Amino acid sequence: MRWLGILLAGASGAPCLYEFEWWTRRGEHARQRADVLDTTLSELTQRFGQTVLHVFDRGYASQTWLGKLLAAKLKGLIRWQTHYQLLNQAGESIKTWQITRGKRSVDHRLVYDAVHKCHRKTGIIYQPVRHPAYPDVPLYLIVSRPGKGRTPWYLLTNEVIDSVESAWQMVFAYARRWQIGTAFRYTKSELALESPRLWFWENRLKLMMIVTLLYAFLLSLLRAELSHWQQLLLRLGCHRTGKRCREASAPLYRIRIAFTHLWTQNSG
């Protein structure tokens, strides 16, 4: 069983669940990943158009997927593979990492590292490029340099990058993808979406839909306007006094535990 998740995230706050798509490559309900992606992309095009920025990790960095985004005229941002070929301003086809090699960053900022909980001096540089398969479409390569010893981000977008500020907006948009990554980690660990114990396809789908509704409900509780109820729920069902537990960025985990404790107490 395979699945595809789409979440909506703004510049701040918790993401919200838009869709989970389930499919299999076996049996009478078999579907191919490419067909699922095409269907989902068509739905997103009709639903949102150019009102949102579609952000993708390196798993989607390919000539085929880039072509689909360009054909659908969507705003796209892809973390590009460094060994893929792009056309520089001189029209030469070179590897992505070579385009900005030896060039200084045009701006630096102190960017907060949510993983290590510290600020890092991060440089940025951007260059207009083109893809060899789509030489008539202007693209922009944005390179975020988080400092010595850390891997730079090579971001490819079809949005016009004409200033340092617009380049930083793309970097921060990709950084927000960390929220998406943590959301998928939660579904795999806490909700066990990759471990269904049902044999028949229809029964699996029913179970997954129930879990999806539960997950959407939990995400909705992270809205800022519900902060008072969040604190009340955590104090009643999952109270923690230790500094490490109180400062840990794990609200969904504690909220689920709080609901479990409260339901257990009431049922008893």
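**Exercise 1. Determine which elements line the second largest pocket of this predicted model, and describe that lining.**

Solution. Step 1: identify the contributing elements. Strand E1 (2–8), helix H1 (33–47), strand E3 (53–56), H4 and H5 each provide at least two lining residues.

Step 2: find the principal contributor. E1 gives the largest share of this lining, with 6 residues.

Step 3: locate the centre. The lining comprises 35 residues, and those nearest the centre of the pocket are Gly5, Ile6, Leu7, Val55 and Ile180.

Step 4: state the volume and the chemical classes. The second largest pocket holds about 1100 Å³ of space. Its lining is made up of 22 nonpolar, 6 polar and 7 charged residues.

**Exercise 2. Carry out the corresponding analysis for the largest pocket.**

Solution. Step 1: state the volume. The space in the largest pocket amounts to about 1600 Å³. Its lining counts 44 residues, and the closest to the centre are Ala114, Val115, Ala175, Trp178 and Gln179.

Step 2: assign the lining to elements. At least two residues each come from strand E7 (107–113), strand E8 (118–131), helix H4 (164–175), helix H5 (177–189), helix H6 (201–220) and helix H9 (251–267). H5 supplies the largest share, 8 residues.

Step 3: sort by class. The lining has 24 nonpolar residues, along with 10 polar and 10 charged ones.

Step 4: relate the result to Exercise 1. H4 and H5 contribute to the lining of the largest pocket, and H4 and H5 also contribute to that of the second largest pocket.

**Exercise 3. Establish which residues of helix H7 (residues 227–237) are buried and how they are arranged around its axis.**

Solution. Step 1: list the buried residues. In H7 these are Gln230, Leu233, Leu234 and Gly237.

Step 2: examine their directions. The four residues lie on the same side of H7, because the arc they cover around the axis is only 95 degrees.

Step 3: inspect the opposite face. The exposed residues His228 and Leu236 are carried on the face turned away from the buried side of H7.

**Exercise 4. Classify Glu159 and Gln127 as buried, partly exposed or exposed, and describe their surroundings.**

Solution. Step 1: place each residue. Glu159 is found in the loop between strand E10 (153–157) and H4, whereas Gln127 belongs to strand E8.

Step 2: apply the cut-offs. Buried requires a relative accessible area under 20%, and exposed requires one over 50%. Glu159 has a relative accessible area of 24% and is therefore partly exposed. Gln127, at 12%, is therefore buried.

Step 3: list the contacts, leaving aside residues up to four places away in sequence. Glu159 touches Leu53, Lys75, Tyr140 and Met170. Gln127 touches Gln89, Ile99, Thr100, Lys103, Leu139, Tyr140 and Leu141. Tyr140 thus appears in the contacts of both Glu159 and Gln127.

Step 4: relate Glu159 to H7. Leu236, an exposed residue of H7, is 77 residues from Glu159 along the chain, and their C-alpha atoms are separated by 47 Å.

**Exercise 5. Summarise the protein chain as a whole in terms of elements, extent, burial and contacts.**

Solution. Step 1: count the elements. The chain contains 9 helices and 10 strands.

Step 2: describe the extent. Along the principal axes, the C-alpha atoms fill a box of roughly 75 × 50 × 30 Å.

Step 3: assess burial and surface. Of the 268 residues, 37% are buried. The accessible surface is about 16200 Å², and carbon and sulfur atoms account for 53% of it.

Step 4: consider contact separation. Among contacts with a separation of 6 or more, 50% join residues 24 or more positions apart.

Methods:
Residues are numbered from 1 along each chain as its sequence is written. This is a predicted model: local features need pLDDT of at least 70, side-chain atom pairs count only at pLDDT 80 or more; totals for chains, interfaces and linings use all residues. Side-chain values use heavy atoms; hydrogens and water are left out. Buried means under 20% relative accessible area, exposed over 50%, partly exposed in between (1.4 Å probe, protein chains only). The arc is that of the directions from the helix axis to the C-beta atoms. On a 1 Å grid over the protein atoms alone, a cavity is a set of points where a 1.4 Å probe fits but cannot get out, and a pocket is an open set with protein on both sides within 12 Å along at least five of seven lines; lining residues have an atom within 4 Å of a point. Grid points are joined across faces, edges and corners, and a volume is the space filled by probe spheres set on the points. Ala, Val, Leu, Ile, Met, Phe, Trp, Tyr, Cys and Pro count as nonpolar, Asp, Glu, Lys and Arg as charged, and the others, Gly among them, as polar. Contact means heavy atoms within 4.5 Å. Accessible areas come from the Shrake-Rupley method with a 1.4 Å probe; for residues, only the protein chains shown count as cover.
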